[in-house]
Amino acid sequence: MIELLLTGLGILAASGVLALLLGRWSRLANVVGATGAVAGSLLGFLPAWLTLIGGRPESASWPWDVPYGSFSIELDPLSSLFVLIVFGLTGLVAIHAAGYLDLYHKERSLGVPWFFFNLMACGMTLVAVARNGVLFLVAWEVMSVASYFLVTFYDERPGVLEAGRTYLIATHLGTAFLFVMFILMGRHAGSAASLDFAAIAGTIPESSANLLFVLAVVGFGTKAGFMPFHVWLPEAYPAAPSFVAAIMSGAMSKLGIYGLLRVLTLLPVLHEWWAWLLIAMGVVSGVYGILTGLAQSDLKRLLAYSSVENLGLISMGLGLGLLGVSTGTPGLTLLGFLGGLLHLVNHALFKSLLFLGSGVIVRATGTRDLNQLGGLARRMPRFAIAMLIGCIAITGLPPLNGFVSEFLIYLAAFTGQMRLGTGASAGMLLVIGAVTISGGLGAVAFTSLFGIAFLGQPRNERAANPAPVGWLLIAPITILAGACVAVALFVLPLVWMLLPIVSEVAHWELGGILQVSGQATQPLSAVTLGSIALIVVSLGLALLRLALLAGRRVTQAGTWGCGYLGPTSRMQYTASSYVQPAVDFFAPVLLTRTRLDAPLGLFPRRAMMVSHTDDFAKEAIYRPLFVSVEWVFVRLRWLQHGRVHIYILYLGVTIIALLTWYLSTLPPG
Amino acid sequence: MDLATIVPPLLALVLSPLLVGIIFRTKAIFAGRNGPPLAQIYYDLRKLMAKGAVYSDVTTWIFRAGPIVSLASLILAAFVVPFATCAAPFHFQGDLVWFAYLLAVSRFISVLAALDTGSAFEGMGASRDVLFSALSEPAMLLGLAAVARQANGATEAELNLSLTGIHQAIAAAEWGGSWLVFVLVAVALFVVFLAENARIPIDDPDTHLELTMIHEVMSLDHGGPDLGLIVYASALRLWVFGAVIVDVVLPISTGYVLLDVLWSVAALFLLAVIVGVIESVMARLRMLRVPQLLVGATTLSGVALVLEYGGRLWISPSN
């Protein structure tokens, strides 16, 4: 089984290199890269699926010359879930990318993006299956650097290189924390002198568990996108091509969560305050993420902030599960972890759907600005249905999959507030409030997205006549929409598959989980029944209306609008005006800046209003921090004078200092 | 299945338009008029269902789906809410979240149907409605959380996060020493009730000025059977939400199903009269004040929940 996985990885890597070598024949490189990605994904998908539905974990290990390193990988339920997500999305996104990139085959070499895309997929898979710290870090770096090159695909456009630089710096800052974490983990490994997970799992002292957890949260949280480490997301995702944003948001940020879960399985104890940290970060990310998101009129920035919000929900679910473990509340553990994991899977599905959809919109209309779009549902009806499914799913409404995972998180929070002591119950109040308000504000954001872009009248020439988009770009979106519906209807088998993962992360044997599994499966089966009932009743009412209207006059006319006879597309609400009540209400916490040139005089001439919402963490935390760091380093500029002989003096002084220090640490005699 | 469980949805589906009629009558009496007959909405529905339809050429199938999905979700909500010590036919652990989100589905699709027309008025109503509902949902869920916790001892083995379970637990017990929690939750739920159903002081259902409309304007372009479905859906929403409030506020059980049903129906009619009175004596709040009112309701729910945690001493041992 694991050989299949390695073969899949091999095909991915080989096709990437081959595509790179085929530089000048761009169309061929495009086909080679895409086929390799799809084939590799299919091959790798199978062993992960088989392990998840009840296969035995398999491992393989080869020695590696790197100190502390070994090429050891294992496919256990936790890893196979993420391998499944990575390969599933890689295959679908590759199909979309093949169609998307084809337009550029004359002016760009398409082998380069395919090389980095396939390399990134290999990196992501190795991160998910690695069982050695060095291998993990190498794969993590490969993943990050390859995605940097994909993010800067349009490097001639203004702002893209700067966004890529922000991303690169942010991910390396996070990785630095991971380096420190792994080094600390390996310190007590004893004579094994290796960072194999199996070796370090038993040797970590309890006293360093807290520090390791904090390092893990910062390091993995940067990749996942928790606030306040999320600042690269709203820069990188709009700058990157949409398919890159889809795979990054759908698969790569989930690997941040994977890392956190894997570290939890390695640590010897689970403290309660860790759960509260995760819950607190989840609450802040969830509420503030969607709040900043709904104020954006750039389609992809909105989706990026929505990713932050959903990562917050996942974090809340996992935090609740962790709280259950540390307080000994089985129901809370099960519901929290299940909710978090299920929301992770769901988010991978509907967020990649929405990002691929944004790629189609950009290709068809040439703009990402919601205020320029409109009326796409009339012009691209099937695509609009798939996007509607995505929007309903991400808002967390029945009958789709987003509701199921949010329902589990609600159940966890309600269970917590019933079972836990007074202080913890107050925290549950916060969680319930946060999930509710993030759901409500999510409804604002996604009715805005779908309503402004797809409904009403087009606000722009290009939106009125969208360019035809190939089926290659739309087919994966349809498949993902179908997957959202499938997960909603078949949630119970999916829950059975996730139970072993809960057992692994919560250090809880499967038998104990199965005893309380009724707390999750009974409500879920009722929810599934209710969702089906909702669809059936809607269809029934539709038939009723059809029967009523049969034989009667049904005509079409202009929009009545209470008798206003001349509506134009400019009179409609735009995205900015649609969210204005919400933005106004939350103005004290949102950094929305408005520049207004009001019309003066009796006959108004020039008038202008521009508003944009900046990211709070970026403006209030990072910008002052980096400005002060720069101030310090400007003061040290005098060290860089350019005289070579003084540089050699620096070298000499440093060597003498290091020698002295080393000699002083040697034992006497 | 217990035959009594058919009572709540049956009553909801049949009697809900009567509530609207009662509100109209109350307002008319206050204004010194006779007012329309109590069964006016039934006549309206009969008239609307007999009509043809005119659709805007800007709209898509979503406009046509709006009233249908909205009514479907409210019908399902009617099957989840218990009434008068009868259990709801479809109840399960966590169905209060399901109930809240069914109402959210109804809102979502009506907002999309409104935006589909491409008219500025509908966009205006939609944008106000989504904010107000985003702010009123926490009030509802936190209030229900407080009531749920009240209805269960903190250490019971069998949790009941279901509206039916809560209703039966409260019906079996007295309000006792925790009357404050119930009052706070009832007030908060009442404010949410007014917000969800577009009543004064959040929205004026009788206004003719589109610029001041919220819910009315979202159904501006609907006509014929579609409008009939919308009118019926809003009546159903009134009943269903009112039933939740009556369940929380009136835990009376006499042991005879018929008496309980009559009592609860009378309480619901009284609620409608109260709404009519409020609509007659108050004006609508300024649009800027409405979110503040909803946040106030959320705070009341939060306070009720906090009282729950700290006030265990106040609850009589029989709970």
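What share of the contacts in chain B between residues at least 6 apart in sequence join residues at least 24 apart? In this predicted model, the share is 80%.

## Chain B at a glance

Let's start with the overall make-up. Chain B contains 11 helices and 1 strand. Reading from the N terminus, two helices come before the strand, and helices follow from there on: α-α-β-α-α-α-α-α-α-α-α-α.

As for its dimensions, the C-alpha trace of chain B spans about 65 × 45 × 40 Å along its principal axes. The radius of gyration of chain B is 20 Å, which agrees with a compact globule, because 319 residues packed that way would give a value near 20 Å. Of those 319 residues, 61% are buried.

## Where chain A meets chain B

Now for the partner. Chain A and chain B each bring 66 residues to their contact. On the side of chain A that touches chain B, the elements giving two or more residues include helix H16 (401–419), helix H22 (518–549) and strand E3 (554–557) of chain A. The largest share there comes from H17(A), with 15 residues.

If you like to think in terms of chemistry, this side of chain A has 39 nonpolar, 23 polar and 4 charged residues.

## A strand pair across the chains

E3(A) also takes part in a pairing between the chains: with strand E1 (residues 53–56) of chain B, E3(A) pairs in the parallel sense over 4 bridges. To find this spot in the structure, look for Gln556(A), whose bridge partner in E1(B) is Tyr55(B).

Terms used
Residues are numbered from 1 along each chain as its sequence is written. Chains are lettered from A and ligands numbered from 1 in the order in which they are written. This is a predicted model: local features need pLDDT of at least 70, side-chain atom pairs count only at pLDDT 80 or more; totals for chains, interfaces and linings use all residues. Two residues are in contact if their C-beta atoms, placed from the backbone, lie within 7 Å. Ala, Val, Leu, Ile, Met, Phe, Trp, Tyr, Cys and Pro count as nonpolar, Asp, Glu, Lys and Arg as charged, and the others, Gly among them, as polar. Two strands pair if DSSP finds at least two bridges between them. The radius of gyration is taken over C-alpha atoms; the globule rule is 2.2 Å times the number of residues to the power 0.38. A residue is buried if 20 or more other C-beta atoms lie within 10 Å of its own, exposed if 12 or fewer, and partly exposed in between; C-beta atoms are placed from the backbone.
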